[in-house]
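Please look over the sequence and the model below before reading on. The paragraphs after it go from the overall fold to individual residues.

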Amino acid sequence: MTSPDPFRVIFVCTGNICRSPMAEVVFRDLADRQGFGPRVVSRSAGTGDWHLGERADHRTIDSLARRGYDGSQHRARQFTAASFADNDLVVALDRTHERILREWARDEDEEGKVTLLLAFDPNASTHDVPDPYYAGAEMFDSVLGMIEAATRGLFQQLEPALRLPRTPRAFGASSGGLP
């Protein structure tokens with residue numbers, strides 16, 4: 001761990017108030033608990049601008065709190081062209097976000113950074129983390145469980161690289177997003 005540059009990952013959903021804030025918080029917590037907190041930057045953003053500056057949905061914050069996470073500091077952001085350069089990995093929460101992000105990519109390197117979160121959960125029965133926005137608290141808890149499982153898989157793939165000196169590179173989508 002000789003490089004001062006952390007690995008930067010951004011989780012992307014629609015409005016950045018439900019799914020992607022969950023993934024951001026869960027991933028950051030996992031990195032901290034595993035002793036890699038200084039080596040990882042976890043962010044989130046939305047493809048749309050409807051909720052810019054807003055807190056996460058209260059059901060997101062409540063669901064996170066029920067599992068011991070703190071999502072109270074979140075403020076919604078929008079994914080921009082600069083987000084590709086500012087992050088090493090761009091993790092979409094569903095195939096719609098993945099398609100949008102790939103369309104926004106300006107070159108193969110940026111497109112190669114895009115992957116689906118559920119690609120990291122070998123037990124996932126779908127490719128898409130469902131949007132709980134129009135559902136109740138139970139759906140938020142279910143979505144959080146999906147995010148926790150996939151985030152553990154993502155972290156397991158990243159952990160060996162976090163132990164090595166950091167060298168920026170693009171990740172190929174064909175292998176689940178990581179080498």
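What follows is a walk through this predicted model, from its overall layout to its sheet, its helices, its cores and one histidine.

The protein chain contains 6 helices and 4 strands, and from the N terminus on these elements run β-α-β-α-α-β-α-α-β-α. Of its 179 residues, 50% count as buried, and among the contacts with a separation of 6 or more, 76% are accounted for by residues 24 or more positions apart. The mean pLDDT of the chain is 91, with 89% of the residues reaching 70 or more. Over residues 169–179, however, the pLDDT is below 50, although beyond near neighbours in sequence this stretch has 27 contacts in the model. Where pLDDT is low, the predicted coordinates should not be read in detail.

The strands form an open sheet of 4 strands in the order E2-E1-E3-E4, with parallel pairing. At the edges are strand E2 (40–46) and strand E4 (114–116), each of which pairs on one side only, and the twist from one strand to the next averages 25°. Strands of a sheet pair through backbone hydrogen bonds, either parallel or antiparallel. Here E1 and E2 run parallel and are joined by 7 bridges, in which Ile 10 has Arg 43 of E2 as its bridge partner. Strand E3 (residues 89–92) and E4 also run parallel, joined by 3 bridges, and the partner of Val 90 in E4 is Val 114.

Is the edge strand E2 largely enclosed or largely open? Although E2 pairs on one side only, 5 of its 7 residues are buried, so E2 is largely enclosed by the rest of the structure. Helix H1 (residues 19–33) lies across strand E1 (7–13) and E2, running at about 175° to E2. Helix H6 (residues 137–162) also packs on the sheet, where it touches E1, E2 and E3, and its direction makes about 160° with that of E1.

With these helices placed, the nonpolar interior can be described. The largest nonpolar core has 34 residues, and those with the most contacts inside it are Phe 11, Phe 27, Leu 117, Ile 147 and Leu 154. E1, H1, E3 and H6 each supply at least two residues of this core, and H6 gives the most, with 9 residues. Leu 117 shows how separate parts of the sequence come together, since residues up to four places away are not counted among its contacts: Leu 117 touches Phe 11, Ala 23, Val 91, Ala 92, Leu 93, Val 129, Ile 147, Ala 150 and Thr 151. A second, separate core has 11 residues, including Ile 10, Ala 92, Ala 105 and Val 114. Two of these were met above as bridge-forming residues, Ile 10 as the partner of Arg 43 and Val 114 as the partner of Val 90.

A last point concerns a residue in a loop. His 74 lies between helix H2 (58–66) and helix H3 (81–86), and is it buried or exposed there? With a relative accessible area of 7%, His 74 falls under the 20% limit and therefore counts as buried. Not counting residues up to four places away in sequence, His 74 touches Asn 16, Pro 21, Glu 24, Ser 44, Glu 54, Arg 55 and Ala 56. For Asn 16 the separation is specific: its backbone oxygen lies 2.8 Å from a polar atom of the His 74 side chain.

Definitions and conventions
Residues numbered from 1 in each chain as written. Predicted model: local features only at pLDDT ≥ 70, side-chain atom pairs only at ≥ 80, totals over all residues. Heavy atoms only, no water. Pairing = 2+ DSSP bridges. Axes fitted to C-alpha atoms, helices over the stretch in contact; angles between N-to-C directions. Contact = heavy atoms within 4.5 Å. Core = buried A, V, L, I, M, F, W, Y, C linked by side-chain atoms within 4.5 Å. Buried < 20%, exposed > 50% of the residue type's maximum accessible area, 1.4 Å probe, protein only. Polar contact = N/O pair within 3.5 Å; in protein donor to acceptor, adjacent residues only side chain to side chain. pLDDT = per-residue confidence, 0-100.
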